[in-house]
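Here are some exercises to work through with the model open beside you. Try each task before you read its solution.

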Amino acid sequence: MNNKKFYRFGDNSHYTRGYTWAYSIISRSEVYESRCKKCGSVAKYPIGDFDVIVEGGVKYPDVLGCGAYPFLIVSEVVVNDWFDAGITCFTKYNVGVAEVKSKKLVDVPKPNYYSIEIEGRCKIDLDASGLKIKRKCGVCGNMTTKLLTSDGFKMVPNSWDGSDLFRDIDLYPRVSLCTEKVMKLAGENQRTNFRFEPMEGPRESFSKGIDYLKLYKKRKSKSKQKTNQKCIINRRSIG
Ligand SMILES: [Zn+2]
């Protein structure tokens, strides 16, 4: 395959302290809602912009955990880091903070947040990852997998499209994957509340993941490479 290092990432709200958290969503756009007639699985989430109600914490993180739906929500500075580094393989939707239920945050300026839908693609190799499909609904595709051996994901060879942000939209639409470049940007710029783990494992579900803030702190380099991001845009309804 290739020698690139890949990571699974998201918010780290369960392992960091003091950051507020979005516990509910108020849609400002069309809401996707479905209940599968065959297996009964329910999906409901906004398709475009939405607002959140935040609760707890004393500060705003750069990656905002969301209890209502596993959206990837990042602050504007993170989006700018990505754009500046030539990473453009995503669609962003505005996320407003409609209500603050933390007394200590009421007077703190709210960052602009964006919900990110990653456009980069790969395919997860279930067999190679040690995952077995136990049940898969023939109508909606909802599936239950059985973990055999693995604690990480392996990709189908040559299925990665070269994007720095990518995911398997069919099997794991809510799992965000990235290259080392993304983790390095987060570390160099000291962006808060990211969680990074090696894509192929081990999954460190008992720890706070890779300490990217420490890892890249002093290795600040000004050399910016302009890369031509290869981007396959192939959107369909999520879920
Ligand atoms: Zn179904």
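Two residues are in contact if their C-beta atoms, placed from the backbone, lie within 7 Å. This is a predicted model, where local features need pLDDT of at least 70, side-chain atom pairs count only at pLDDT 80 or more, and totals for chains, interfaces and linings use all residues. Residues are numbered from 1 along each chain as its sequence is written.

**Exercise 1. Get an overview of the chain and decide how far to trust it.**

Start with the contacts: among those between residues at least 6 apart in sequence, 74% join residues at least 24 apart. Next, count elements. Helices (H or I, at least four residues) and strands (E, at least two) are DSSP runs, numbered from the N terminus. The chain has three helices and 15 strands.

Then look at burial. A residue is buried if 20 or more other C-beta atoms lie within 10 Å of its own, exposed if 12 or fewer, and partly exposed in between, with C-beta atoms placed from the backbone. Of the 239 residues, 30% count as buried.

Last comes pLDDT, the predictor's confidence in each residue, from 0 to 100. The chain's mean pLDDT is 88, and 88% of its residues reach 70 or more. Over residues 227–239, though, the pLDDT is below 50, and this stretch has 26 contacts in the model beyond near neighbours in sequence. Where pLDDT is low, the predicted coordinates should not be read in detail.

**Exercise 2. Work out the strand order of the six-stranded sheet, and say why S2 and S6 each have a side without a neighbour.**

You need a pairing rule to begin: two strands pair if DSSP finds at least two bridges between them. With that rule, the order of the open sheet is S2-S5-S8-S9-S7-S6, and the pairing is mixed. Strands S2 (21–27) and S6 (63–64) stand at the edges with a single partner strand each, so one side of each has no neighbour in the sheet.

Now see where the mix comes from. S5 (residues 50–55) pairs with S8 in the parallel sense over six bridges, and Val52 has Val97 in S8 as its bridge partner. S8 (residues 90–101) runs antiparallel to S9 (residues 113–118), and six bridges join them. Here Asn94 stands opposite Tyr114 in S9.

Finally, add the helix: H1 (residues 76–84) packs on the sheet and touches S7 (72–75), S8 and S9. The direction of H1 makes about 90° with that of S7, where axes are lines fitted to C-alpha atoms, for helices over the stretch in contact, and angles run from 0 to 180 degrees between N-to-C directions.

**Exercise 3. Describe the hairpin of S3 and S4. How many residues of S3 are buried?**

Pairing first: five bridges join S3 to S4 (residues 42–46), and the two run antiparallel. As a landmark, Ser34 has Ala43 in S4 as its bridge partner. Between the strands there are six residues, and Gly40 takes a positive phi near 80° in this hairpin. Now the burial count: S3 (residues 31–35) is hardly covered, with zero buried residues among its five.

**Exercise 4. Find the largest nonpolar core and what covers H2.**

A nonpolar core is a set of buried Ala, Val, Leu, Ile, Met, Phe, Trp, Tyr and Cys residues joined through C-beta atoms within 7 Å. The largest one has 43 residues, and Tyr7, Ile73, Val74, Leu165 and Val182 have the most contacts inside it.

Take Tyr7. Setting aside neighbours within four places in sequence, its contacts include Leu177, Cys178, Met183, Phe196 and Pro198.

Turn to H2, where Val182, Met183, Leu185, Ala186 and Gly187 are buried. Their cover includes S1 (6–11), H1, S13, S14 (176–179), S15 and H3. One more step takes you past H3, to the segment where Lys217 is found. The C-alpha atoms of Lys217 and Gly187 are separated by 6.1 Å, though the two are 30 residues apart along the chain.

**Exercise 5. Track down the unusual backbone geometry.**

Recall the baseline: most residues other than glycine have a negative phi, and most peptide bonds are trans.

- Asn158 has a positive phi of about 65°. It sits in the loop between S12 (143–147) and S13 (165–167), and counts as exposed because it has 10 C-beta neighbours inside 10 Å.
- Gln190 takes a positive phi of about 55° just after H2. It lies in the loop between H2 (180–188) and S15, and its 12 C-beta neighbours inside 10 Å make it exposed too.
- Gly201 and Pro202 are joined by a cis peptide bond, with omega about 0°. Pro202 lies in the loop between S15 (194–198) and H3 (212–215).
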